[in-house]
Amino acid sequence: MACTSLPKHPLTLLRAPINKSSPPSPPAFPSLSNASHSQFFGIKLSASSLPNPSHSPKRSMLVFAKVSEGNVPPSFTLKDQDGKNVSLSKFKGKPVVLYFYPADETPGCTKQACAFRDSYEKFKKAGAEVVGISGDDPSSHKAFAKKYRLPFTLLSDDGNKVRKQWGVPSDLFGTLPGRQTYVIDKNGVVRLVYNNQFQPEKHVDETLKLLQTL
């Protein structure tokens, strides 16, 4: 029976040539078709802010408060609790305390409205008007004002258009409309912007303190 003998010279292993001049390929990063947003610290993250070998990350800040101290705020015309149109320009020539609140009949908003009511004579003595604004309709405002004997104007911001225009920030990562108060002097200039969601009565203290300096 014949047998085959192996060659006595060693076998040569062939290897693929390595091109030392070519750098390794950079890792691929996933791309996002839709922007990813984060409400933390007011930073918006988008697909352009993901790591990319060709350019550095980018960040853009969300602008919250469009109306700040020293500004002349944009005018508006809204319906009051009686369904009548009221313009901001109506109050020019006297100080105005304009406060945005989340909603009628909620615990914090009721506490805040009653605090303004209880100090209303002090505001009148300072020559100031008090105006509350929320997204509730005029009928809701009317019932709210009647139930708690509110002596001041409540305006209905349908669709929260004025709130957005003025840049009133939301709370709890955008789930709760913000509670923010503006004091506007007789010349129509904002002299105070005060935000405090969880201590509604403080809005009264801070605004009265500022009015004493006007």
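**Exercise 1. A pair of facing residues**

Task: Find the residue of strand 4 that stands opposite Thr 77.

Solution:
- Step 1. Go to Thr 77 in this predicted model and look across to strand 4, where Ser 87 stands opposite Thr 77.
- Step 2. Now widen the view to the two strands involved. Strand 3 covers residues 77-80, and three bridges join strand 3 to strand 4.
- Step 3. Compare the directions: strand 3 and strand 4 run antiparallel. As background, strands of a sheet pair through backbone hydrogen bonds, either parallel or antiparallel.

**Exercise 2. The sheet and its helices**

Task: Work out in which order the strands form the open sheet, and which helices pack on the sheet.

Solution:
- Step 1. Walk across the sheet from one side to the other. Seven strands take part, in the order 4-3-7-6-5-8-9, and the sheet is open with mixed pairing.
- Step 2. Look at the two ends of that order. Strand 4 (85-87) and strand 9 (190-195) are the edge strands, and each of them pairs on one side only.
- Step 3. Check the twist. On average, neighbouring strands of this sheet are turned by 30° against each other, direction ignored.
- Step 4. Add helix 3 (residues 138-147), which packs on the sheet and touches strand 3, strand 6 (129-134) and strand 7 (153-156). The direction of helix 3 makes about 155° with that of strand 7.
- Step 5. Add helix 5 (residues 202-211), which also packs on the sheet, touching strand 5 (96-100), strand 8 (180-184) and strand 9. Here the angle between the directions of helix 5 and strand 9 is about 160°.
- Step 6. Set the sheet within the whole chain, which has five helices and nine strands. Along the sequence the pattern reads β-β-β-β-β-α-α-β-α-β-α-β-β-α.

**Exercise 3. Helix 1 and its partners**

Task: Describe how long helix 1 is, which of its residues are buried and how helix 1 meets helix 5.

Solution:
- Step 1. Count and span: helix 1 (residues 107-118) has 12 residues and reaches 16 Å from first to last C-alpha. That is close to the 16 Å expected at 1.5 Å a residue.
- Step 2. List the buried residues of helix 1: Cys 109, Thr 110, Gln 112, Ala 113, Cys 114, Ala 115 and Phe 116.
- Step 3. Ask what they pack against. The answer is strand 5, helix 2, strand 6, helix 3, strand 8 and helix 5.
- Step 4. Two packed helices are described by the angle between their axes and the distance between the axes. For helix 1 and helix 5, the angle is about 35° and the axes are 8 Å apart.
- Step 5. Name the meeting residues: Gln 112, Ala 115 and Phe 116 from helix 1 meet His 203, Val 204 and Thr 207 from helix 5. Sorted by type, the residues of this contact are three nonpolar, three polar and no charged.

**Exercise 4. Buried or exposed?**

Task: Decide whether Phe 123 and Tyr 148 count as buried or exposed, and list what they touch.

Solution:
- Step 1. Phe 123 is found in helix 2 (residues 120-125). Its relative accessibility is 0%, so Phe 123 counts as buried.
- Step 2. Leave out residues up to four places away in sequence; Phe 123 then touches Val 97, Phe 116, Ala 128, Val 130, Val 204, Thr 207, Leu 208 and Leu 211.
- Step 3. Take one of these partners, Thr 207: 84 residues separate Phe 123 and Thr 207 along the chain, while their C-alpha atoms are separated by 9.1 Å.
- Step 4. Tyr 148 lies in the loop between helix 3 and strand 7. The cut-off for buried is under 20%, and Tyr 148 has 18% relative accessibility, so Tyr 148 is buried.
- Step 5. Beyond its neighbours within four places in sequence, Tyr 148 is in contact with Glu 105, Thr 110, Cys 114 and Arg 117.
- Step 6. For the whole chain of 214 residues, 36% are buried.

**Exercise 5. Positive phi**

Task: Find where Asn 160 and Leu 172 are, and what their phi values are.

Solution:
- Step 1. Recall that most residues other than glycine have a negative phi.
- Step 2. Asn 160 is in the loop between strand 7 and helix 4 (161-166). Its phi is positive, about 55°, although Asn 160 is not a glycine.
- Step 3. Leu 172 is in the loop between helix 4 and strand 8, and its phi is positive too, near 50°.
- Step 4. Add the exposure: Asn 160 is partly exposed at 27% relative accessibility, and Leu 172 is partly exposed at 49%.

Note on methods
Residues numbered from 1 in each chain as written. Predicted model: local features only at pLDDT ≥ 70, side-chain atom pairs only at ≥ 80, totals over all residues. Heavy atoms only, no water. Pairing = 2+ DSSP bridges. Helix = DSSP H or I, 4+ residues; strand = E, 2+ residues; numbered from the N terminus. Axes fitted to C-alpha atoms, helices over the stretch in contact; angles between N-to-C directions. Contact = heavy atoms within 4.5 Å. Buried < 20%, exposed > 50% of the residue type's maximum accessible area, 1.4 Å probe, protein only. Expected span 1.5 Å × (residues − 1). Nonpolar A, V, L, I, M, F, W, Y, C, P; charged D, E, K, R; others polar.
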